[in-house]
Amino acid sequence: MWRGLWTLTARATHGLRRPCWRQASGTLGPGTGVTIFALSSGQGRCGVAVIRASGPASGPALRSLTAARDLPPARSARLRLLRDPCSGEPLDRALVLWFPGPQSFTGEDCAEFHVHGGPAVVSGVLQALSGVPGLRPAEAGEFTRRAFAHGKLSLTEVEGLADLIHAETEAQRRQALRQLDGELGRLCQDWAETLTRALAHVEAYIDFGEDDNLEEDVLERADIAVRGLEAALAAHLRDARRGQRLRSGAHVVVAGPPNAGKSSLVNLLSRKPVSIVSPEPGTTRDVLETPVDLAGFPALLSDTAGLREGVGPVEQEGVRRAWARWAGPDHGQAQTMGRARPWAGPALSPTFSFCWVYFPFFLNEKLPSFRWEFWGDLGTLSYASAWARPSFSCLATRALQGVDPGVFSCFLRLEQADLVLAVLDASDLGSPSSRNFLDTVVTPMGAQSPAGSGQRLLLVLNKLDLLPRQGLAPYPDLPPHLLLSCLSRQGLDGLLEALRQELAAVCGDPSAGPPLLTRARHRHHLQGCLEALGHYKEASDLALAAEALRVARGHLAHLTGGGGTEEVLNIIFRDFCVGK
Ligand SMILES: Nc1nc2c(c(=O)[nH]1)N(C=O)[C@@H](CNc1ccc(C(=O)N[C@@H](CCC(=O)O)C(=O)O)cc1)CN2
Ligand SMILES: Nc1nc2c(ncn2[C@@H]2O[C@H](COP(=O)(O)OP(=O)(O)OP(=O)(O)O)[C@@H](O)[C@H]2O)c(=O)[nH]1
């Protein structure tokens with residue numbers, strides 16, 4: 001066995017351990033000795049409220065408020081009378097808990113006061129705590145930040161915790177809990193260890209290549225490890241952004257000709273009157289969006305303007321010309337207008353690192369449209385689209401003069417949709433507007449392989465109640481569809497089940513399979529790692545190869561928070577509330 005391998009492994013491992021407090025960051029190190037406190041349960045009147053303190057003065061604060069010399073036994077609830085230490089005024093009979101560090105949520109000494117939830121009790125206890133020397137109110141996310149600083153949570157676990165607090169649907173909760181459980185972090189840790197071993201082998205060869213005792217195949221072993229890792233990373237990146245979609249909600253767009261019942265369907269699915277329902281065709285002039293829980297999956301439901309018959313050659317030509325003026329034949333104009341900023345290397349700006357990429361293309365031969373994306377804000381806006389940027393949307397709309405903004409927005413939404421709910425009036429399939437919609441949207445989309453664009457389509461024939469007894473008249477080339485009546489709710493269960501299946505395909509099953517990437521930040525670092533592995537393979541000498549492996553490992557370390565910059569942390573912790 002080659003004698004230097006262990007030393008080198010140790011050298012290569014340096015910096016990979018779980019993060020314990022990084023002195024360089026400076027602001028929140030345990031060394032500062034400040035003790036924080038906050039109400040950790042929600043604001044407002046409630047049965048029981050939990051007030052937490054973390055830091056070296058937690059013990060003295062607990063003693064002071066319970067007027068006791070001794071602390072309660074560790075991690076065991078005790079009923080105590082709380083008094084204001086200054087005035088001696090009784091405040092509450094409360095349960096108190098003592099968590100001596102490092103065995104606590106933050107890793108520091110922690111105290112908890114489980115008090116009656118009346119506002120006067122809560123404010124009395126908070127007031128009393130603020131009078132204890134060494135204590136100050138906590139900032140948003142500061143408890144979690146301290147847990148991270150003490151290595152209790154990795155960055156991906158912190159993100160999981162943030163997502164858990166914000167989870168609104170069952171599927172989101174499952175995904176967040178898995179991430180909080182550390183699955184993604186552990187996977188990255190395994191990958192980082194593989195890289196460390198490969199690096200150790202390459203470094204061994206650099207240092208002792210001539211040494212007879214060095215095993216011959218060290219470089220080959222490094223190559224095999226890198227190839228395996230490449231395959232694993234590529235497989236994770238090929239997730240069709242399912243984890244990100246589940247976190248932020250799938251885009252479900254309801255589209256169809258005027259008066260088909262789109263607004264009625266949106267109201268039915270969102271169980272609230274979001275859209276105006278009216279017998280007048282063309283009521284919905286722009287896009288209305290509402291977040292909904294569709295069969296346990298989060299979705300952003302958009303009601304779009306009806307695609308009128310008028311979206312014929314004239315309007316299409318208007319869109320085509322405007323687009324040509326705006327983007328230029330080679331899209332160069334848009335670039336110089338500063339709207340397209342190609343990805344500029346790995347440096348992430350603290351507030352907004354994004355790129356807009358847009359590709360003018362045609363939904364089919366007739367309907368112009370374009371797509372853009374930005375990956376931003378280190379994952380907090382993981383995959384946002386144009387309509388999150390009103391100024392841009394507005395610019396684009398204005399640039400496309402002569403085009404009905406409602407129709408334009410509808411095209412945009414169709415392009416952005418993960419799932420299109422195409423609605424037609426079952427009793428009016430022969431009308432020109434129905435026919436036009438079938439020809440321009442449904443048929444081209446239905447013809448795409450589901451794997452092709454990633455977009456899915458459900459065709460809903462509404463107003464089932466208006467059909468004659470014998471049902472739908474035979475209709476040429478009608479794609480697979482569901483029958484529904486928004487009025488009588490007949491067919492609603494079938495539609496919900498179909499939606500559940502479609503959304504499960506779009507978002508994936510959060511309980512099964514490997515942990516999904518839930519933020520653009522994860523994707524960015526995995527892509528960076530993969531790129532560095534490519535450089536390893538192309539490296540002209542061993543020193544460059546070793547450097548590429550170090551860069552690759554750096555990306556994985558960043559993913560779990562090792563070597564994270566203060567800006568990254570600020571953005572992630574911004575999602576937390578005070579007391580968490
Ligand atoms: N009352 C209360 N409820 C709460 C919390 C809390 O801080 N207080 N939590 C706050 O988010 C969550 C639970 N999370 C926690 C995570 C770790 C530890 C803790 O004491 N960890 C120690 C010991 C672990 C063990 O006993 O196995 C450690 O990690 O060393 C406590 C709570 C939700 N419910
Ligand atoms: N009989 C019957 N009428 C329906 C049904 N669903 C919707 N309607 C009626 O159809 C009309 C149009 O409904 P909307 O939901 O406003 O249709 P829309 O597609 O959003 O219309 P625009 O906004 O104009 O594009 C209204 O009078 C609804 O009450 C249904 O299942 N059966």
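This passage describes the surroundings of ligand 1, a buried serine, a covered strand and an enclosed helix in a predicted model.

The model is predicted, and local features therein require pLDDT of at least 70, side-chain atom pairs count only at pLDDT 80 or more, and totals for chains, interfaces and linings use all residues. Residues are numbered from 1 along each chain as its sequence is written, chains are lettered from A and ligands numbered from 1 in the order in which they are written, and side-chain values use heavy atoms, with hydrogens and water left out.

Ligand 1 is surrounded by Arg 52, Arg 75, Pro 102, Gln 103, Ser 104, Phe 105, Glu 112, His 114, Lys 152 and Lys 580, where a residue is near if one of its heavy atoms lies within 4 Å. By class, this shell comprises five charged, three polar and two nonpolar residues; Ala, Val, Leu, Ile, Met, Phe, Trp, Tyr, Cys and Pro count as nonpolar, Asp, Glu, Lys and Arg as charged, and the others, Gly among them, as polar. Oxygen atoms of the ligand lie 2.8 Å from a polar side-chain atom of Arg 75 and 2.6 Å from an N or O atom in the side chain of Lys 152. A nitrogen atom of ligand 1 is placed 2.5 Å from a side-chain N or O atom of Glu 112. Taken alone, ligand 1 exposes 670 Å², of which the protein buries 50% (Shrake-Rupley method, 1.4 Å probe).

Ser 58 belongs to helix H2 (residues 58-66); helices (H or I, at least four residues) and strands (E, at least two) are DSSP runs, numbered from the N terminus. Ser 58 is buried, at 0% relative accessible area, buried denoting under 20% (1.4 Å probe, protein chains only). Beyond its neighbours within four places in sequence, Ser 58 contacts Thr 35, Ala 53, Trp 98, Asp 109, Cys 110 and Ala 111 (heavy atoms within 4.5 Å).

In strand S13 (residues 419-425), seven of seven residues are buried. Leu 419, Leu 421, Val 423 and Asp 425 point one way, and Val 420, Ala 422 and Leu 424 the other. S13 runs parallel to strand S7 (residues 250-255), joined by four bridges, and pairs in the parallel sense with strand S14 (residues 456-462) over seven bridges; pairing requires at least two DSSP bridges. Ala 422 is the bridge partner of Ala 255 and stands opposite Leu 459 in S14.

Helix H4 (residues 142-149) has eight of its eight residues buried, so it is largely enclosed by the rest of the structure. Among these buried residues are Glu 142, Arg 145 and Arg 146. Gly 151, with a positive phi near 75°, follows H4.

Technical notes: Polar contact = N/O pair within 3.5 Å; in protein donor to acceptor, adjacent residues only side chain to side chain. Buried < 20%, exposed > 50% of the residue type's maximum accessible area, 1.4 Å probe, protein only.
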